Amino acid sequence: MPIKMLHIPTADGRAGAFAAFPDRGERHPGVLMYADGFGIRPVLREMARELAGHGYYVLVPNLFYRHGRAPVIELPEHIGEKVRPALMAQLMPLIEAHTAERALRDADAYLRFLTTQPEVAAGPVAVTGYCIGGLLAMRTAAAHPDQVAAVAGFHGPVGADGPDSLSKLTAQVHLGHAESDLTPEALGELNQALDAAGVAYTSEIYPDTTHGFTMSDTDAFNPAALQRHWDRLLPLLDRTLAKG
């Protein structure tokens, strides 16, 4: 899968990004992929390529472009538990500065860019995200119900905006939670809110997981949970996005 480096015009500047897609001269359904808080790095390119290999155009923006090019902080090849606190101390001010208002302005720009690329097929798109990217994916889907047909969030604070935000969702939803992030009781409350909002969804705690389980460059990585993530995500996209 080729990787194409891009710059996306936004209301606040230009966001660096990359896209992965099958290079066969065809048009493919679009997927906007939001990274976790550590941002664009080799593991995100691997995941985007994997998804693109199933017939999608995958756009991955630098969430923190206002603060510099990705990676906006220096990252080790492996993000172990010993270095994680120091890295998070650098990242938290960036995450806190990425307000809902900023996120929604960016989402407008990302979707506008995605849907106008010559390699992207007409029709609805999907949004997926990891960690803070899961919350951004849910916000994007709620703000663009006419464009987003599917949304998935993994080990993310997806209920942070409260039950009222869920009522705006028209997309089909999958949420994969880490055991360390959500108790069974909290999962029940979230799922009740999704039921009350009339959302078509699956929402589950992945067994034996900690926060960040999809990311192979962290100590949280769980290969079985990553595969479970693909086993949930790919059928969701196949159901909601027309190919060919």
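Which residues lie nearest the centre of the second largest pocket? In this predicted model, Arg139, Ala142, Asp161, Ser165 and Lys168 hold that position among the 13 residues of the lining. The report begins with this pocket and then turns to the helices and to the largest pocket.

**The second largest pocket**

The volume of the second largest pocket is about 200 Å³. At least two lining residues come from each of helix 3 (100-115), helix 4 and helix 5 (163-166). Helix 4 makes the greatest contribution, with five residues. By class, the lining of this pocket comprises nine nonpolar residues, one polar residue and three charged residues.

**Helix 4**

Helix 4 covers residues 132-143. Its twelve residues should span 16 Å at 1.5 Å a residue, and because the end C-alpha atoms are 17 Å apart, the model agrees with that expectation. Helix 4 is mostly covered, with eleven of its twelve residues buried. The buried residues run through Ile132, Gly133, Gly134, Leu135, Leu136, Ala137, Met138, Arg139, Thr140, Ala141 and Ala142. Arg139 and Ala142 are thus buried residues of helix 4, and both are also among the residues nearest the centre of the second largest pocket.

**Helix 2**

Helix 4 also has a part in the setting of helix 2, as it is included in what covers the buried residues of helix 2. Those buried residues are Arg84, Leu87, Leu91, Leu94 and Ile95. In an α-helix there are 3.6 residues a turn, so residues three or four places apart point the same way. Helix 2 bends by about 35 degrees at Leu91, with a proline, Pro93, following within four residues. Leu91 is therefore both the site of the bend and, under the cut-off of 20% relative accessible area, a buried residue. The 14 residues of helix 2 (residues 84-97) should span 20 Å at 1.5 Å a residue, and the end C-alpha atoms are 20 Å apart, so the two agree.

**The largest pocket**

The largest pocket has a volume of about 240 Å³. Its lining consists of 13 residues, and Met5, Gly16, Ala17, Arg69 and Ala70 are the closest to its centre. Strand 1 (3-10) and strand 2 (13-20) are the elements that give two or more residues to this lining. Its residues divide into six nonpolar, four polar and three charged.

The table sets out the classes of lining residues for the two pockets.

| Pocket | Nonpolar | Polar | Charged |
|---|---|---|---|
| Largest pocket | six residues | four residues | three residues |
| Second largest pocket | nine residues | one residue | three residues |

Methods: Residues are numbered from 1 along each chain as its sequence is written. This is a predicted model: local features need pLDDT of at least 70, side-chain atom pairs count only at pLDDT 80 or more; totals for chains, interfaces and linings use all residues. Side-chain values use heavy atoms; hydrogens and water are left out. The expected span of a helix is 1.5 Å times one less than its number of residues. Buried means under 20% relative accessible area, exposed over 50%, partly exposed in between (1.4 Å probe, protein chains only). On a 1 Å grid over the protein atoms alone, a cavity is a set of points where a 1.4 Å probe fits but cannot get out, and a pocket is an open set with protein on both sides within 12 Å along at least five of seven lines; lining residues have an atom within 4 Å of a point. Grid points are joined across faces, edges and corners, and a volume is the space filled by probe spheres set on the points. Ala, Val, Leu, Ile, Met, Phe, Trp, Tyr, Cys and Pro count as nonpolar, Asp, Glu, Lys and Arg as charged, and the others, Gly among them, as polar. The bend at a residue is the angle between axes fitted to the seven residues ending there and the seven starting there. Contact means heavy atoms within 4.5 Å.
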